[in-house]
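Q: Please take a close look at the end of one element in this model. Then work outward from there to the rest of the chain.

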Amino acid sequence: MQQRTIKRAVDVVGIGLHKGEPISLRLEPLPEDSGIVFYRKDLAMSIPLSPKSVVDTRMATVIGNEKGFISTIEHFLSAIYAYGIDNLRVIVDGNEMPIMDGSSSSFILLLDEAGIQYQSKPKKILVVKEPVEIKVDSNKYVRLEPLSKAIFDFEIDFAHPVIGKQHYSFEFSTKNYKEYIARARTFGFAQDIQYLQSQNLALGASLQNAIGLDEHKVLNPEGLRFEDEFVRHKILDALGDMMVSGYNILGRYVAKAGSHDLNYKLTTKLLATSSAFEIVSANRLETKAFEKAFA
């Protein structure tokens, strides 16, 4: 189980969710042990992927520094997590990632076009050794627990007739991700979008890149892709937010009403607790099941 990058550079252009402007995205391979590095082409600024680079988590996961930032990275990082990519240069010419269709499907297609390049050094895995939790109350928390495989377990409860209470337990594999998670879109409520747009935010939001809801129903003419698409998208987000750690994680992630902010606090607390995790070369893992998950 070796480190991975992409075989060739690939490019795509999409709309930014908040500014509503075209954003060009280019992916380039990087050598072993380089990690995931974001680059703002318009500012000639690099941002290494790390919880230390996170500057905002209110509406999306945002990384940056004193020079600038890149917003809404979680859908892209979710696809990176699913493909086990370790080393990659991510070049954008604006302050956000393109939203594409609101899921990670387009990023999956982009990675398929680029191809996966196996590298010479063993892949490094973050193995959870002790439980770590960020808890607001009994109805809102996120937690990582030791487990010999990767499980993402999420529960949401919205006072909306289409959503209500939803729970999904996802055993990670690249194949399962592409079939059950990747197509799940982000969602928003019409009254919230109207307010955000009045504040010059969410200017690129549309029914082409999100599930829209009024007080009673889904507004998208095509309806939902899954009956429980909402909680599946929360798992998509969680994988992306865990990728901010820089590693695939071996353990169980559990969330009830989780958020980007709680996920950021969770990865920060995990990496600050030396007894709670270990970075292990994949060839030293006791189980081969995790290797098979990336087949």
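A: **The end of H2 and beyond**

Gly-115 follows H2 and has a positive phi, near 80 degrees. Helices (H or I, at least four residues) and strands (E, at least two) are DSSP runs, numbered from the N terminus. This is a predicted model, in which local features need pLDDT of at least 70 and side-chain atom pairs count only at pLDDT 80 or more, while totals for chains, interfaces and linings use all residues. Residues are numbered from 1 along each chain as its sequence is written, and side-chain values use heavy atoms, with hydrogens and water left out.

H2 itself covers residues 105–114. Its buried residues are Ser-105, Phe-107, Ile-108, Leu-110, Leu-111 and Ala-114. Buried means under 20% relative accessible area, exposed over 50%, and partly exposed in between (1.4 Å probe, protein chains only). The buried residues of H2 pack against four strands and two helices. The strands are S1 (2–6), S2 (10–15), S3 (22–29) and S10 (116–122). The helices are H1 (74–83) and H3 (174–181). Contact here means heavy atoms within 4.5 Å.

Positive phi turns up elsewhere, in residues that are not glycine. Asp-33 has phi near 65 degrees. Asp-33 sits in the loop between S3 and strand S4 (36–40). At 40% relative accessibility, Asp-33 is partly exposed. Ala-44 also has a positive phi, about 50 degrees. The loop between S4 and strand S5 (45–48) holds Ala-44. With a relative accessible area of 51%, Ala-44 is exposed.

Now the interior. The largest nonpolar core has 81 residues. Such a core is a set of buried Ala, Val, Leu, Ile, Met, Phe, Trp, Tyr and Cys residues joined through side-chain atoms within 4.5 Å. Leu-27, Phe-38, Phe-76, Phe-152, Phe-172 and Tyr-253 touch the most other members. Helix H5 (residues 229–243) gives this core its largest share, eight residues. Beyond four places in sequence, Phe-172 touches Tyr-81, Ala-82, Ala-150, Phe-152, Leu-239, Phe-290, Ala-293 and Phe-294.

H5 also holds Glu-229. Glu-229 is buried, at 0% relative accessible area. With neighbours within four places in sequence set aside, Glu-229 contacts Gln-166, Arg-183, Ala-184, Arg-185, Ile-211 and Leu-224.

Leu-266 belongs to helix H6 (residues 260–272). Its relative accessible area is 0%, so Leu-266 counts as buried. Its contacts beyond four places in sequence are Val-132, Glu-133, Ile-134, Val-142, Arg-143, Leu-144, Met-242 and Tyr-253. The C-alpha atoms of Leu-266 and Asp-241 are 9.6 Å apart, with their places 25 residues apart along the chain.

Strand S14 (residues 151–158) carries Asp-157. Asp-153 lies in S14 too. Asp-153 is buried, with 10% relative accessible area. Asp-157, at 55%, counts as exposed. Leaving out residues up to four places away in sequence, Asp-153 contacts His-167, Tyr-168, Ser-169, Arg-252, Tyr-253, Val-254 and Ala-255. On that basis Asp-157 touches Gly-164 and Lys-165. Asp-157 and Lys-256 are 99 residues apart along the chain, and their C-alpha atoms are separated by 8.5 Å. From C-alpha to C-alpha, Asp-153 and Ala-202 are 29 Å apart, at a sequence separation of 49 residues.

Last, the whole chain. It has seven helices and 20 strands. The radius of gyration is 18 Å, close to the 19 Å of the globule rule for 295 residues, so the chain is as compact as a globular protein of that length. That radius is taken over C-alpha atoms, and the rule is 2.2 Å times the number of residues to the power 0.38. Along the principal axes, the C-alpha atoms fill a box of roughly 50 × 45 × 35 Å. Buried residues make up 55% of the 295. Among contacts between residues at least 6 apart in sequence, 74% join residues at least 24 apart. The accessible surface comes to about 12,900 Å², and 50% of that belongs to carbon and sulfur atoms. Areas come from the Shrake-Rupley method with a 1.4 Å probe; for residues, only the protein chains shown count as cover.
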